[in-house]
Amino acid sequence: MAADNLWWDVWGMWLAVWVLTLVAFVVAIVILVKHWRRTRSDGDQGMIRGIGFYLHSKSVMGLYQLHRYNEALEQEVEKRRSRGWRFWGSGGFGLLRGESERTDTNEEFRRYIHKAEPITVIGIVMKVLEKHHDIIYVDLSEQELVHNRALVKELGWSDGAESTRQLKTRLRGVEAFVSVKGLFRKRSQSDGETVFVAPYGNPDDPEKSRRIRFTCVTGDLRDTVPAGAFRARCLGKVEDWDPESGELVVHPIAIFK
């Protein structure tokens, strides 16, 4: 008995330290795996499937002119365009050099938007937004939000039990960009604008359900508008809730179908 007590006196504390170390190691591995899976999920979401249907070039240009994204967008375009030669122009001397370079790159980026295929342009934009964790993915048919870093950041989540998280949220008031997948229908079209709506869920009468409204510039449409409903994904920015029509208004940057 005395020998057992002596063994615990000598080794008991060290055994406790090793057990606690092992537990901490397992917890760290679990957290790393969760972050790795989330990172993989974020990357998979950026894959664009479908045909380029709409691209609002002014919105893409506006993203480029924001200090938050312009450097990353320049780098991504340069990677694609400068294989063996420099794409970005520069000019000016002395104090005028910096402003001249900025003007030149603005113009070059504008030309790139107009000349490149929509799938190329929006692919670059989405890659940069994902790097900044600024896209929330929405599935209207399933009424689900993808759990990625952008959603975690938007809702202030941290790793922990699912029961401690807010699992539902209103898209209204979301600051991040949204990538909305659903069943789109044309409501109206004129020379100036074309309006699409997409319902939440799969209701029997879409006009009597909650909806999202997308108002596009008709001149920026890249294809003929389908006569009936069509499945599509829209990258855009939430603007406001329209209480009169019961619709969430999203400004569309690009639509793929």
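A residue counts as buried under 20% relative accessible area, as exposed over 50%, and as partly exposed in between (1.4 Å probe, protein chains only). Keep that at hand for the exercises below.

The model is predicted: local features need pLDDT of at least 70, side-chain atom pairs count only at pLDDT 80 or more, and totals for chains, interfaces and linings use all residues. Residues are numbered from 1 along each chain as its sequence is written, and side-chain values use heavy atoms, with hydrogens and water left out.

**Exercise 1. Place His133 and classify it as buried, partly exposed or exposed.**

Step 1: Find the elements on either side. Helices (H or I, at least four residues) and strands (E, at least two) are DSSP runs, numbered from the N terminus. His133 lies in the loop between helix H5 (118-131) and strand S2.

Step 2: Apply the cut-offs. The relative accessibility of His133 is 26%, so His133 is partly exposed.

Step 3: Look for a neighbour. The C-alpha atoms of His133 and Ala150 are 4.7 Å apart, although 17 residues separate the two along the chain.

**Exercise 2. Describe the chain as a whole: how many helices and strands does it have?**

Step 1: Count the elements. There are six helices and eight strands in the protein chain.

Step 2: Read their order. From the N terminus on, it is α-β-α-α-α-α-β-β-α-β-β-β-β-β.

Step 3: Check burial. Of the 257 residues in the protein chain, 39% count as buried.

**Exercise 3. Find the largest nonpolar core and say which strand gives the largest share.**

Step 1: Know the term. A nonpolar core is a set of buried Ala, Val, Leu, Ile, Met, Phe, Trp, Tyr and Cys residues joined through side-chain atoms within 4.5 Å.

Step 2: Identify the core. The largest one has 28 residues, and Phe53, Phe184 and Phe214 are among those with the most contacts inside it.

Step 3: Trace the contributors. Elements giving two or more residues include helix H6 (149-155), strand S4 (177-189) and strand S6 (211-217). The largest share, four residues, comes from S7.

Step 4: Look further. Another core, of 27 residues, lies apart from this one, and Leu55 and Tyr112 are among its members.

**Exercise 4. Classify the ring pair of Phe184 and Phe214.**

Step 1: Recall what is needed. A pair of aromatic rings is described by the distance of the centres and the angle of the planes. Rings of Phe, Tyr and Trp (its six-membered ring) pair if their centres lie within 6.5 Å; planes under 30 degrees apart count as stacked, over 60 as edge-to-face and the rest as tilted.

Step 2: Apply this. The centres of Phe184 and Phe214 are 4.8 Å apart and the planes stand at 20°, so the pair is stacked.

Step 3: Locate the partners. Phe184 is in strand S4 and Phe214 in strand S6, 30 residues apart, and the pair links distant parts of the chain. Phe184 is buried at a relative accessible area of 0%, and Phe214 is buried at 0% too.

Step 4: Widen the view. Ring pairs join Phe53, Phe184, Phe196, Phe214 and Phe230 into a cluster.

**Exercise 5. Which strands pair with S6?**

Step 1: Use the rule. Two strands pair if DSSP finds at least two bridges between them.

Step 2: Take S5. Seven bridges join S5 to S6 in the antiparallel sense, and Val195 has Thr215 in S6 as its bridge partner.

Step 3: Take S8. Four bridges join S6 and S8 in the parallel sense, with Phe214 opposite Val250 in S8.

Step 4: Check the surroundings. Five of the seven residues of S6 are buried, so S6 is largely enclosed by the rest of the structure.
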